[in-house]
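Me: I should like to learn how to read the features of a protein model, one at a time. May we work through an example together?

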Amino acid sequence: MNLLSPHEILKQVAAALPEECRAAVIVIGSLAAGYRYFGSDPASLVQTKDVDCMLSPHIKAVPAGKAVAESLFRANWQMREDAKWGAPGTAETPVEQLPLVRLHPPGSSEWFIELMVSPPATGARGKQFVRLETERGHFGLCSFQYLSLVEVQPIVTEYGVAIARPEMMALANLLHHPVIGPENISGLIGDRGLRRSNKDLGRVLALAFLAMREHEDALRGWAGAWVEALQGRFPAEWATLCTVAGQGLRVLLESPADMEEAAHSCANGLLASYRLTPQQLRIAGLRLVQDAVEPLEAMARA
């Protein structure tokens, strides 16, 4: 992974996007969190290799994705080298076997942009793929069940693209991991393989830490925002989701081995400038449970 300036990378990404498509892009992940919490300080860097860009809303995502991908190809952005996914697919390639849109900027392989798609309002749950046909061939756009939460009141930047709110990214990750699953991430973080749950829940803890660093009581406003978002996006099941959102987090906090993996992920990612110990990160998690998760559960019972 590489240390990147959130402002500089976001500026470069926005400049590369077709102007008419910028409003359809919501940046999520480390870059969004870094932009939100690190400001324009040139010394505040994020350790990451991918810039996740979600196309939204779902109904407009595929046309926007086609315009964005083809514009980047014309500007000499190159597919990320990958032994398995190194070339576009065809009309005969099953959608789940298509390469994702992962493109390096011209002249650099330090980072790449990845296009994703917001999930449909209704339909299949879990991980989903949408086919994207371009002049270069066929690609897949990936989506996850709770990504629609990051569409809630995104923050529009001075570059014309939006970033997801940290509390909404945290909630999406909490709901995606109600247990510590056995699946590992596809690559390595700091030369180590990690469980996907520990990486994503570690991101939740990093967001909580950064929020409290900005304002000690920041997490106390998260539960109300979460309830409003869940009621809007999942009206039939919002109360149930409130009660399960903290399950995986609580398991993580009580497992030293899983906390060590989460801390390793944070130290080699969003919190590269802080290098928190698992114990320090756990304190942030306990505050998150106290200030946000428990009030969320109480609101569901009210």
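Reply: Let us begin with a pair of facing residues: Ile26 stands opposite Met54 in β4. Strands here are DSSP runs of E of at least two residues, helices are runs of H or I of at least four residues, and both are numbered from the N terminus. Please note that this is a predicted model, in which local features need pLDDT of at least 70, side-chain atom pairs count only at pLDDT 80 or more, and totals for chains, interfaces and linings use all residues. Residues are numbered from 1 along each chain as its sequence is written, and side-chain values use heavy atoms, with hydrogens and water left out.

Me: How many bridges join β2 to β4, and in which sense do the two strands run?

Reply: Two strands pair if DSSP finds at least two bridges between them. In this model, β2 and β4 are joined by four bridges and run antiparallel.

Me: Which sense does the pairing of β4 with β7 have?

Reply: β4 (residues 50–55) pairs with β7 (residues 112–117) in the parallel sense, over six bridges. Within this pair, Asp50 stands opposite Phe112 of β7.

Me: Is β4 enclosed or open?

Reply: One begins with accessibility: a residue is buried under 20% relative accessible area, exposed over 50% and partly exposed in between, using a 1.4 Å probe and protein chains only. Five of the six residues of β4 are buried, so the strand is largely enclosed by the rest of the structure.

Me: What can be read from the side chains along β8?

Reply: Along β8 (residues 128–134) they alternate. Gln128, Val130, Leu132 and Thr134 point to one face and are buried, whereas Phe129, Arg131 and Glu133 point to the other face and are not buried. β8 also pairs with β9 over seven bridges, in the antiparallel sense, and Gln128 stands opposite Ser143 of β9. The two strands form a hairpin, with two residues between them.

Me: What covers the buried residues of α4?

Reply: Helix α4 spans residues 166–176, and 10 of its 11 residues are buried, so it is largely enclosed by the rest of the structure. Among the buried residues are Pro166, Met168, Leu171 and Leu174. The elements that cover them include β2, α2, α5, α6, α7 and α8.

Me: How does one describe two helices that pack together?

Reply: Two packed helices are described by the angle between their axes and the distance between the axes. The axes are lines fitted to C-alpha atoms, for helices over the stretch in contact, and angles run from 0 to 180 degrees between N-to-C directions. Angles under 35 degrees count as roughly parallel, over 145 as roughly antiparallel, 65 to 115 as roughly perpendicular, and the rest as oblique. Here α2 (30–38) and α5 (196–214) pack at about 10 degrees, with their axes 10 Å apart. They are therefore roughly parallel to each other. Their contact (heavy atoms within 4.5 Å) involves Ser30, Ala33, Arg36, Tyr37 and Phe38 of α2, and Arg203, Leu207, Leu210, Ala211 and Glu214 of α5. These residues divide into six nonpolar, one polar and three charged. In this scheme Ala, Val, Leu, Ile, Met, Phe, Trp, Tyr, Cys and Pro count as nonpolar, Asp, Glu, Lys and Arg as charged, and the others, Gly among them, as polar.

Me: At what angle do α6 and α10 pack?

Reply: The angle between α6 and α10 (residues 278–301) is about 40 degrees, and their axes are 8 Å apart. That makes α6 oblique to α10. The contact is made by residues including Trp222, Trp226 and Val227 of α6 and Leu288, Val293 and Met299 of α10. Its residues divide into 10 nonpolar, one polar and no charged.

Me: Where do Gln153 and Asp191 lie, and what are their phi values?

Reply: Gln153 lies in the loop between β9 and β10, and has a positive phi of about 45 degrees although it is not a glycine. Its relative accessibility is 52%, so Gln153 counts as exposed. Asp191 lies in the loop between α4 and α5; its phi is positive, near 65 degrees, and Asp191 is likewise a residue other than glycine. At 72% relative accessibility, Asp191 counts as exposed.

Me: Which peptide bond is cis?

Reply: The bond from Ser56 to Pro57 is cis, with omega near 0 degrees. Pro57 lies in the loop between β4 and α3.
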